[in-house]
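Dear colleague,

I am passing on a structure for you to look through, and my notes on what was found in it follow below. Please keep the structure open beside them while you read.

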Amino acid sequence: MADAEKTPNVVEATNKKGLYGVLENIQGRLSVCEKALAEYLETKRLAFPRFYFVSSVDLLDILSKGNFPTEVARHLAKLFDNMAKLKFKEGADGKP
C-alpha cells in the first residue's frame, strides 16, 4: 500500500501483484467490524427504545460522551418531544 503513494500512474499503482487480495482482506475485516458495531448499537436500542429515534452516528456520539451531559444535551431533542433547551447546574466538583 505504501508503494501506491510513490507510483504516480494510477494504472500501475492499482495493478500491483497481491493488491486485490489485500484489499479483499481489509474489506472483509471492515464488514466484521460494521456488523459488530450494528449489533452493539442494537443492544443499546433494546435497552432504551428511544434510541431508535436517532441515527447510528448520533447514538455513537451519545454513548461516547455519556459522562458529559452538556455534550449529550444536543441530542435530547431527537429523543424527547417538546424539549427546547436544558439547563444544568454545576455540582460541588464544578461539573454539570
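The largest nonpolar core (buried Ala, Val, Leu, Ile, Met, Phe, Trp, Tyr and Cys residues joined through side-chain atoms within 4.5 Å, where buried means under 20% relative accessible area with a 1.4 Å probe, protein chains only) has eight residues, namely Leu41, Phe51, Val54, Leu59, Ile62, Val72, Leu76 and Leu79. Two or more residues of this core come from each of H4 and helix H6 (76-79), helices being DSSP runs of H or I with at least four residues, numbered from the N terminus.

Please note that this is a predicted model, in which local features need pLDDT of at least 70 and side-chain atom pairs count only at pLDDT 80 or more, while totals for chains, interfaces and linings use all residues. Residues are numbered from 1 along each chain as its sequence is written, and side-chain values use heavy atoms, with hydrogens and water left out.

Leu76, when residues up to four places away in sequence are not counted, touches Met83 and Leu86, contact meaning heavy atoms within 4.5 Å.

Asp58 lies in helix H4 (residues 56-64) and counts as buried because its relative accessibility is 16%. Apart from neighbours within four places in sequence, Asp58 is in contact with His75 and Lys78.

Finally, helix H3 (residues 19-47) packs with H4 at an angle of about 70°, and the two are therefore roughly perpendicular, a word used for angles of 65 to 115 degrees. On the H3 side the contact is made by Leu37, Tyr40, Leu41, Lys44 and Arg45, and on the H4 side by Ser56, Leu59, Leu60 and Leu63.

With best wishes

Methods. Buried < 20%, exposed > 50% of the residue type's maximum accessible area, 1.4 Å probe, protein only. Axes fitted to C-alpha atoms, helices over the stretch in contact; angles between N-to-C directions. Parallel < 35°, antiparallel > 145°, perpendicular 65-115°, else oblique.
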